[in-house]
Amino acid sequence: TDFSTFHSDDYLGFLRDVSPDNMLDFADQLIRFNVGDDCPVFDGLYDFCKLYSSGSILGASMINDNQSDIVINWTGGLH
């Protein structure tokens, strides 16, 4: 998935660089990007976002190709 089609470089850099160990260094970005309470910071956050967004794109493709009537990505939109 090419995140840069839908998200700014600032946001992608934040997702790639933030971790539970350094999140206090990103206080301004946590507020700016609304990350924290229901969108927690955790190790591997950037890779997780790449993985679940791929599931959303696959689901949309399946609907467009008439391979499915309904698709659900329970983690879609987490961050």
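**Chatting through the charged pairs and a surface patch**

Q: Before we dig in, what kind of model is this?
A: It's a predicted model.

Q: Okay, how many salt bridges does a search of the whole structure find?
A: Two turn up in that search. One of them joins the side chains of D10 and R32, at 3.5 Å from N to O.

Q: Where do D10 and R32 sit in the chain?
A: They come from distant parts of it, 22 residues apart. D10 belongs to helix α1 (residues 9-17), while R32 is in helix α2 (residues 27-32).

Q: And why do charged side chains pair up anyway?
A: Opposite charges can pair when the charged atoms come close.

Q: Back to R32, is it buried or exposed?
A: R32 counts as exposed, because its relative accessibility is 54% and the cut-off for exposed is over 50%. D10 has 48%, so it's partly exposed.

Q: Which residue does K50 form a salt bridge with?
A: That's D47, with the closest N and O atoms 3.8 Å apart. Both residues are in helix α3 (residues 45-64). They're three residues apart there, so about one helical turn separates them.

Q: How accessible are K50 and D47?
A: K50 is partly exposed at 35% relative accessibility. D47 is partly exposed too, with 48%.

Q: New topic: which residues form a nonpolar patch on the surface?
A: I70, I72 and W74 do, and together they have about 450 Å² of accessible area.

Q: Where does I72 lie?
A: I72 is in the segment after α3. With 54% relative accessibility, I72 counts as exposed.

Technical notes. Residues numbered from 1 in each chain as written. Predicted model: local features only at pLDDT ≥ 70, side-chain atom pairs only at ≥ 80, totals over all residues. Heavy atoms only, no water. Salt bridge = Lys/Arg side-chain N within 4 Å of Asp/Glu carboxyl O. Helix = DSSP H or I, 4+ residues; strand = E, 2+ residues; numbered from the N terminus. Buried < 20%, exposed > 50% of the residue type's maximum accessible area, 1.4 Å probe, protein only. Patch = residues over 30% accessible without salt bridge, like charges linked within 9 Å, V, L, I, M, F, W, Y side chains within 5 Å. Areas by Shrake-Rupley, 256 points an atom, 1.4 Å probe, with all protein chains shown as cover.
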